[in-house]
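Got the viewer open? Here's a short walk through the model, one selection at a time.

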Amino acid sequence: MLLAAGESGRAQQMRAQAQGLEKAAERATDPQERQRLKDKARQLKEQSEHAGGTGKPDIDPM
């Protein structure tokens, strides 16, 4: 199954946002804010994987 260009682009954008949130979490001084940012980054990564943005081809081994 091939992905539409918009789907993979959206997944890439979500991963980029997740990376930005992770960097912001590293800089955060408030522990609650740090955890909130980490949680949001994790959610975005999961959503990008479900959107088909893992970068791996969808191959049926048999």
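Start by selecting Leu37, Ala41, Leu44 and Ser48 in α2: these residues are buried, where buried means under 20% relative accessible area, exposed over 50%, and partly exposed in between, using a 1.4 Å probe and protein chains only. Look down the axis of α2 and the buried residues fall within an arc of 65°, so they line one face of the helix; the arc is taken from the directions between the helix axis and the C-beta atoms. An α-helix has 3.6 residues a turn, so residues three or four places apart point the same way. Now flip to the other side of α2, where Pro31, Gln32 and His50 are exposed.

Before going on, some housekeeping. This is a predicted model, in which local features need pLDDT of at least 70 and side-chain atom pairs count only at pLDDT 80 or more, while totals for chains, interfaces and linings use all residues. Residues are numbered from 1 along each chain as its sequence is written, and side-chain values use heavy atoms, with hydrogens and water left out.

Next, zoom out to the whole protein. It has two helices and zero strands; helices (H or I, at least four residues) and strands (E, at least two) are DSSP runs, numbered from the N terminus. Of its 62 residues, 18% count as buried. The accessible surface comes to about 5100 Å², with 50% of that belonging to carbon and sulfur atoms (Shrake-Rupley method, 1.4 Å probe; for residues, only the protein chains shown count as cover).

Back to α2: put a distance between its end C-alpha atoms and you should get 29 Å, which agrees with the 28 Å that its 20 residues should span at 1.5 Å a residue. That expected span is 1.5 Å times one less than the number of residues.

Now select Ser48, in helix α2 (residues 31-50). How buried is Ser48? Its relative accessible area is 1%. A polar atom of the Ser48 side chain lies 2.7 Å from the backbone oxygen of Lys45.

Stay with Lys45 and show its side chain. Which side chain meets Lys45 in a salt bridge? That of Glu22, at 2.6 Å, N to O; a salt bridge here is a side-chain nitrogen of Lys or Arg within 4 Å of a carboxyl oxygen of Asp or Glu. Glu22 lies in helix α1 (residues 5-27) and Lys45 in helix α2, so the pair ties together parts that are 23 residues apart in sequence. Both partners are partly exposed: Glu22 at 29% relative accessibility, and Lys45 at 34%.

By the salt-bridge rule the count comes to four, so keep going along α2. Select Asp39, Arg42 and Glu46, which are linked in a network of salt bridges. Asp39 and Arg42 meet at 4.0 Å, N to O, and sit three residues apart, about one turn of the helix. Arg42 also meets Glu46, at 3.4 Å, N to O; that pair is four residues apart, again about one helical turn. Color the trio by accessibility and you'll find Asp39 partly exposed at 29%, Arg42 at 41% and Glu46 at 36%.

Last stop: Gln47, also in helix α2. Gln47 counts as partly exposed, at 44% relative accessibility. Add Ala11 to the selection: the two C-alpha atoms are separated by 7.7 Å, though Gln47 and Ala11 are 36 residues apart along the chain.

Notes. Polar contact = N/O pair within 3.5 Å; in protein donor to acceptor, adjacent residues only side chain to side chain.
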